[in-house]
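Please find below a colleague's note on the model, set out as numbered points. The remarks go residue by residue and then turn to one chain as a whole.

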Amino acid sequence: MRLHFLERTIDGLHAGLALALDAENSAAAGGLLQQLDARVKVAGLFSLILAAALATRLWVIAAVFALAVALAALSRVSFRVLATRVWIGALAFTGAIALPAVFLTPGVALYRLPALHWPITAQGLTTAGFLLLRVETAATLALLLVFTTPWMHVLKALRVLRVPVLLVAILGMASRYILLLLETAHEMFESRKSRTVGPLAGAARRHVAVASSGVLLSRSLQLSGDVYLAMQARGFRGDVYLLDDFAMTRFDWLALAAFLALAAAAVWADR
Amino acid sequence: MMLFETTDLTYSYDRVTALDRLNLSIAEGSRVALVGANGSGKSTLLRILDGLNFGQSGTVRFRGEPMTEAHFASDEFAFSFRRQVGLVFQNPDVQLFNPTVFDEVAFGPLQLGWSKSEVRDRVGETLDRFGIAHLKDRVPHRLSGGEKKRVALASVLVTDPAVLLLDEPTAALDPRSQSQVIDLLVEWGGGAKSVITATHNLADLEDIADRCLVLDGGLVVAEAAPAEILRNRELLERSNLIHAHRHHHRSGELHSHPHVHPSE
């Protein structure tokens, strides 16, 4: 049932995004990363992502990944959340991209598929492994930032770190727009379900799905425009201002030094 | 000098004309209700008066200053205007985009450059005044309709704007929430501020306005005191604000009288 799959997907995305946007949930956890200044987290986690992206040895990327998992444990981010929100999704999507490399990369054939006789090469497996591990590592580190920092603090930290105002404004509004879009989609499907008795034929299901997509796009465009106008009406001109002042403590400086040292160590070990 | 003045103001959405060569003047300190059925151009007019949309032709002036895109491109004019004028949207969902109620109410003052201690004090006072202090750490988009509306009102009134624009402030609220919102507005206005309210809820008209402008088809078709407008049944029926309600009595007699939908 394609429509049921759509509904379940939208419900899941809706619940997941609402959770991700809840600053109160993440800030209340009280783990290691939650205690750090947002700027330290943005700079530190980005330096680790960069180290993983530049690494040319698999074990170096694996070490950065292990570090990310350790940070998640110390910050009380549930492994179940990481697995369902990051690891499985990244594995599925990146795996689909990496799969051809396993067969197409020239090298020593380790195994041949029985019917097709396609070779699985050692070099192909290594290439796919690099891609998968890099993506899993980067996605885990990025999610740690989102799950341990209120979204507005991430945006303010980006501005402090000289990210252009336009990009920060787009990021700020994108989260709210996506939530509105998902809420609208959720309500539309609920409303349709309440007026439908019995299963629809395949063609009718496709018709409903396509028509709903068009209406949804149009409504979400209007809503997103309204949100932007509402922000403008209260004085928003592109910059983000928050009540919380960022103040670096000795612990923050130590954490920043540790992040940079670990990233530098990864680059050094990769020579 | 007038607070707002429009001259031959025209605004269209694709092929639908929302405002058609509209001329109106709103005096400083007045409490005006823009009354009209759905699609009469009320919301469009409020957005233009708030400098969010701009007419395709005609002019709008705020205290004698032209309100054009070029003027709003200047930070000086834009901030000065936003400090004086606040708009509460009809749909509170579009107005609530911060992670907590406290942040939501603090958003406006922070954008307008208030000091942080002033923002903290004023937000605390406003939350108490609106009876929403217990919601300060909640996520705004998960509140009930009435609570969302109060947060939306608080998020605008926290800056104490001299001019308040309200788009259907009691729409989609239960009767108790409607009366709470009206009480808050009446108490806040105190007769000294300029309040422009778009509504088709005739029941609240005399509480929120001293003067009514009836909009129909993008034009002002009548202008008078609320009591006078409410007495003019022909005008209200013509403008689709009331309709004849027919029902049978036990005797079988068909009875007909004007009917209003106050909570639409």
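**Notes on the predicted model**

1. B:Asp50 counts as buried because its relative accessibility is 0%, where buried means under 20% relative accessible area, exposed over 50% and partly exposed in between, with a 1.4 Å probe and protein chains only. B:Asp50 sits in the loop between helix 1 (42-49) and strand 4 (57-62) of chain B, helices (H or I, at least four residues) and strands (E, at least two) being DSSP runs numbered from the N terminus. Leaving aside residues up to four places away in sequence, B:Asp50 touches A:Ala233, B:Met67, B:Phe72, B:Phe81, B:Arg82, B:Val85, B:Leu87 and B:Leu165, a contact being heavy atoms within 4.5 Å. The C-alpha atoms of B:Asp50 and B:Gly86 are separated by 7.6 Å, with their positions 36 residues apart along the chain.

2. This is a predicted model, in which local features need pLDDT of at least 70 and side-chain atom pairs count only at pLDDT 80 or more, while totals for chains, interfaces and linings use all residues. Residues are numbered from 1 along each chain as its sequence is written, chains are lettered from A and ligands numbered from 1 in the order in which they are written, and side-chain values use heavy atoms, with hydrogens and water left out.

3. A:Glu136, placed in helix 6 (residues 122-148) of chain A, is buried yet has no salt bridge, that is, no side-chain nitrogen of Lys or Arg within 4 Å of a carboxyl oxygen of Asp or Glu. The nearest side chain of opposite charge, A:Arg134, is 13 Å away, but the side chain of A:Glu136 does reach the backbone nitrogen of A:Leu91 at 3.3 Å. Residues up to four places away in sequence aside, A:Glu136 touches A:Phe65, A:Val86, A:Trp87, A:Ala90 and A:Leu91.

4. A:Leu110, in strand 1 (residues 109-112) of chain A, counts as exposed because its relative accessibility is 54%. In the loop between strand 1 and strand 2 (119-121) of chain A lies A:Leu113, which counts as partly exposed because its relative accessibility is 23%. A:Leu113 touches A:Phe103, A:Trp118 and A:Ile120, again without residues up to four places away in sequence, whereas the C-alpha atoms of A:Leu113 and A:Gln35, 78 residues apart along the chain, are separated by 51 Å.

5. For chain B as a whole, the secondary structure comes to 11 helices and 12 strands, and buried residues make up 52% of its 264 residues. Of the contacts in chain B between residues at least 6 apart in sequence, 62% join residues at least 24 apart.

Conventions. Lys and Arg count as positive and Asp and Glu as negative; His and the chain ends are not counted. A polar contact is a pair of N or O atoms within 3.5 Å; within protein, one must be able to donate a hydrogen and the other to accept it, and residues adjacent in sequence count only if both atoms are side-chain atoms.
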